[in-house]
Amino acid sequence: MNHPQESAAPALRRLLDLLASGAATEDFADVLADARRRGAPAAVLAEIDDATWQALRVHRTLRQHRRREAELTALFDTAGDLAASRDLDTVLQAIVRRARMLLGTDTAYLTLPDEAAGDTYMRVTDGSVSVLFQTLRLSLGHGLGGLVAQTARPYATPDYRTDERFHHTGTIDAGVLDEGLVAIIGVPLLLGGQVIGVLFAADRTPRAFSPDEVALLCSLAAHAAIALDTAKSLADTRAALAELNAANELVRAHSAAVQRAEQAHDRLTDLVLRGAEVPDVAAAVAALLGGEIAVLDAEGEPLAGRSAPAAELAEAVAASRAEGRSVRHREQWVCAVLAGHDALGTMVLRGRPDLDDADRRLFERASVVTALLLLLRRSVAETENRIRGDLLTDLLTAPERDPAGLTARGRRLGVDLARPHLVLVAEPADGKTDERGRLAGAARRYLFGSRGVSAEHAETVVLLTPVENGSGGGGAVGAGDPEETARQAAERLARLAGFPVTVGAGRPAAGPSALAASYGEGLRCLRALRVLGRAGEGASARALGFLGVLLGDGHDVDGFVGATLGPLLAYDARRGTELVRTLRAYFDCGGSLTRAKDELHVHVNTVVQRLDRVEALLGRDWNQPERSLELQLALRLQLLAGG
């Protein structure tokens, strides 16, 4: 009989080989079974049995160590994914896949809450084959996931279909059934004690999950929570950086706008201090804004740049005054130039249909500077006008007292009385003397920017304007045609004063005495307009026809005769006819054709034909009372002059 130790040794070596090769558990039982078949003694069998039990313990320990090693490796890999800041979806997909592999389940998935929709949704799935399950949305508090989210604790069920611990719904059960899941375990994703999602592992057959598996899944869920928190932090950081960059850009743009505004303010201030005019300011603003600037006065007349129809801008100007800001009008910007509630004019910007806030404020600041400039110029002009007005009053009151002294005094004040001037005499059309102050202010504004002067005198307002060389009656201040100047002065003064104004003009004159005489003629013309019912109009003595001849101190007989009978005189001179003689005979005979033909020694038809020619040359109203009176006076004056 052999020694027990010797007979047990081969079996022990075989057990060691099985441990080294990582054989299955069933292989260890075969060693004891083989010894029994060989008829080994009971003591040897007992030794082999004890060695087999110890080998199985070592085998089980090694297997646990290998599993733990795989789990730790998976956790380290997941930690590496998090440290590498990989894409969130990629990290979550890796976590779910590792959960499925380590637990050996058929599928694994991760749900996250949707705050906007008020439910949860499948963020990541692995091993899923059902589209219905992959798109499943779970209401809060429903299903196993709802139980996990409510309690913030892991839950596992060996058979989901029969587990009554959580609330079943038709939608969730349909998705689980379509995927064929039976055993499910869910663990919470916790962040600061708050559940931010649920990680699941599931099998398609009944299964009990061990505490080690629950712990492993909780570890992976913790990593998933960290990944979500890191992604949120990164997103918040990116958003903060984007906001910071936007704020920096805003600060940079604001700084540039402030610097540009300071430069513009300095430039405009320098222009004002250097005594610049409105066109200089307009040119500077146009250069700053890169557009075209026009400045219009209160009546829409251009002070700088191109003019614009007043009616076209009226609505925009009214809106600008109401808002106290510039307004866009079609492809241009309009800003009212205001001094308090007093409208001094309008600024128009063309060529810049789109203005940012900085450029818009610059445009509005330019209107304020322009208002200041206009107020300064108006104040200076009104002061100068008052001083010159004293000169004008003295000139009209006593021109013969010291003509040379008046001329010298005027020269010192910038008024050259030796050059031709036009005298305009104005009064309110309704004759109200209490409105004369407003009319005087309107006269100062009318003459603003010119070398004219105005003053209140003898219940009227008198305007003295220099006659510009080469002017042809274009209606500007100082034009040479008294009739046209008086007419346009009446229109503009009415707009400025706000009520109708009557204006009478004397003939152009130079020197104190002649200017005083021209004033007298303009005053008589003014009275004639009132008598004729033409209040609110402007005219000259010459334009009043025979009344002008009677009113005028110069009695321009030849001019009146030529203006009245000119067409007949010219016709007679060209054709050798006797239209003027026939007309005189007709009036002398009291309008009788028979007596006129006897006076002329012609046939009555000849008289009729000649009068028809007169009508063709003078117009159909030649025989009306007022016109016939002018014609008879002109015929009488021509006869007296030897014509």
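The lining of the second largest pocket in this predicted model divides into 12 nonpolar, 10 polar and 6 charged residues. The pocket encloses about 640 Å³ of space. Its lining comprises 28 residues, and Leu112, Pro113, Val195, Ile196 and Gly197 lie nearest the centre. Two or more lining residues come from each of β1 (107-114), β2 (119-126), β3 (137-139), α6, β6 (194-203) and α8 (211-273). The largest contribution is that of β6, which gives 5 residues to the lining of this pocket.

Several of these strands belong to an open sheet of 6 strands, which has the order β3-β2-β1-β6-β5-β4 and antiparallel pairing. The edge positions are taken by β3 and β4 (155-157); each has a single partner strand, so one side of each is left without a neighbour in the sheet. From one strand to the next, the twist averages 25°. Helix α6 packs on this sheet, where it touches β4, β5 (183-191) and β6, and the direction of α6 makes about 145° with that of β6.

Within the sheet, β1 and β2 run antiparallel and are joined by 7 bridges. In this pairing, Thr111 stands opposite Met122 of β2. The two strands, β1 and β2, form a hairpin with 4 residues between them, and Gly118 in the turn adopts a positive phi of about 80°. On its way to the sheet edge, the pairing continues from β2 to β3, which are antiparallel over 3 bridges. Thr120 has Leu138 of β3 as its bridge partner, and Tyr121 stands opposite Arg137, also in β3.

Enclosed space was examined as well as open pockets. Rolling a probe the size of a water molecule over the atoms shows where empty space is left. The structure holds 1 cavity of 30 Å³ or more, and the largest cavity contains about 100 Å³ of space. A total of 13 residues line this cavity, of which Tyr109, Leu138, Ile172, Val176 and Phe200 are the closest to its centre. Leu138, one of these five, is the residue of β3 that is bridged to Thr120. Both α6 (143-151) and α7 (170-179) supply at least two residues each to the lining of the largest cavity. The most is given by α6, with 3 residues; α6 is also among the elements that give two or more residues to the lining of the second largest pocket. By class, the cavity lining has 11 nonpolar and 2 polar residues, with no charged residues, whereas the lining of the second largest pocket includes 6 charged residues.

A further open sheet consists of 5 strands in the order β8-β7-β11-β10-β9, again with antiparallel pairing. Here β8 (302-304) and β9 (327-329) stand at the edges with a single partner strand each, so one side of each lacks a neighbour in the sheet. The twist in this sheet averages 35° from one strand to the next. The edge strand β9 pairs with β10 (residues 332-339) in the antiparallel sense over 3 bridges. One of the residue pairs involved is His329 with its bridge partner Gln332 in β10.

Helix packing was examined around α20. Two packed helices are described by the angle between their axes and the distance between the axes. Helix α19 (residues 593-600) packs against helix α20 (residues 604-618) at an angle of about 100°, with the axes 8 Å apart. Since angles of 65 to 115 degrees count as roughly perpendicular, α19 is therefore roughly perpendicular to α20. In this contact, Leu593, Ala596, Lys597 and Leu600 of α19 meet Val604, Val607, Val608, Arg610 and Leu611 of α20. The contact residues divide into 7 nonpolar, no polar and 2 charged.

A second partner of α20 is helix α18 (residues 579-588); the axes of α18 and α20 come within 10 Å and cross at roughly 105°. This angle makes α18, too, roughly perpendicular to α20. From α18, the contact is made by Leu579, Thr582, Leu583 and Tyr586, and from α20 by Val607, Arg610, Leu611, Arg613, Val614 and Leu617. The composition by class is 7 nonpolar, 1 polar and 2 charged residues. Val607, Arg610 and Leu611 of α20 take part in the contact with α19 and also in the contact with α18.

How values were computed:
Residues are numbered from 1 along each chain as its sequence is written. This is a predicted model: local features need pLDDT of at least 70, side-chain atom pairs count only at pLDDT 80 or more; totals for chains, interfaces and linings use all residues. Side-chain values use heavy atoms; hydrogens and water are left out. Two strands pair if DSSP finds at least two bridges between them. Axes are lines fitted to C-alpha atoms, for helices over the stretch in contact, and angles run from 0 to 180 degrees between N-to-C directions. On a 1 Å grid over the protein atoms alone, a cavity is a set of points where a 1.4 Å probe fits but cannot get out, and a pocket is an open set with protein on both sides within 12 Å along at least five of seven lines; lining residues have an atom within 4 Å of a point. Grid points are joined across faces, edges and corners, and a volume is the space filled by probe spheres set on the points. Ala, Val, Leu, Ile, Met, Phe, Trp, Tyr, Cys and Pro count as nonpolar, Asp, Glu, Lys and Arg as charged, and the others, Gly among them, as polar. Angles under 35 degrees count as roughly parallel, over 145 as roughly antiparallel, 65 to 115 as roughly perpendicular and the rest as oblique. Contact means heavy atoms within 4.5 Å.
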